[in-house]
Amino acid sequence: MTYPGTRDPLADIRTRLRALVVAPVPSAMTQRAFARRAGVSNATISRFLQGKNLSVRDLFKVCEALGLRWRLTANGKGKRA
């Protein structure tokens, strides 16, 4: 949940994930394939893309599969590893 006037700290992660699994290009990965790569369920990826909460463990797995550093991402300043 975000409050009016605040930045969603997970927006950058969602944007990167959407670009990877939703982009209409031949190289795009399916949600199911990404879920397998991250070690989470397809439903978990779907919920995250809808802006719903994930457990810390699942968020860590998604970040790791995207090549993001966890500690930096947790404060909204994620960078590629």
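1. A good place to start is aspartate 58, which sits in helix α4. Keep in mind as you look around that this is a predicted model. Aspartate 58 has a relative accessibility of 17%, and because the limit for buried is under 20%, this residue counts as buried.

2. What does aspartate 58 touch, leaving out residues up to four places away in sequence? Its contacts are Val40 and Thr44. Glycine 39 is also worth finding: 19 residues separate it from aspartate 58 in sequence, while their C-alpha atoms are 8.3 Å apart in space.

3. Now take helix α4 as a whole, residues 56-66. Aspartate 58 is joined among its buried residues by Leu59, Val62, Cys63, Ala65 and Leu66. Viewed down the axis of α4, these buried residues fall within an arc of 165°, so they line one face of the helix. The general rule behind such patterns is that an α-helix has 3.6 residues a turn, so residues three or four places apart point the same way.

4. On the face of α4 turned away from the buried side, look for the exposed residues Val56, Arg57 and Glu64. Just after the helix comes glycine 67, with a positive phi of about 80°.

5. Finally, the largest nonpolar core has 17 residues, and those touching the most other members are Ile13, Leu17, Phe34, Ile45, Phe48, Val62 and Leu66. Two or more residues each come from α1 (11-21), α2 (31-38), α3 (42-49) and α4, with α4 giving the largest share, 5 residues.

6. Isoleucine 45 deserves a closer look: setting aside residues up to four places away in sequence, it touches Leu17, Gln31, Phe34, Ala35, Val40 and Val62.

Methods. Residues numbered from 1 in each chain as written. Predicted model: local features only at pLDDT ≥ 70, side-chain atom pairs only at ≥ 80, totals over all residues. Heavy atoms only, no water. Buried < 20%, exposed > 50% of the residue type's maximum accessible area, 1.4 Å probe, protein only. Helix = DSSP H or I, 4+ residues; strand = E, 2+ residues; numbered from the N terminus. Arc of directions from axis to C-beta. Core = buried A, V, L, I, M, F, W, Y, C linked by side-chain atoms within 4.5 Å. Contact = heavy atoms within 4.5 Å.
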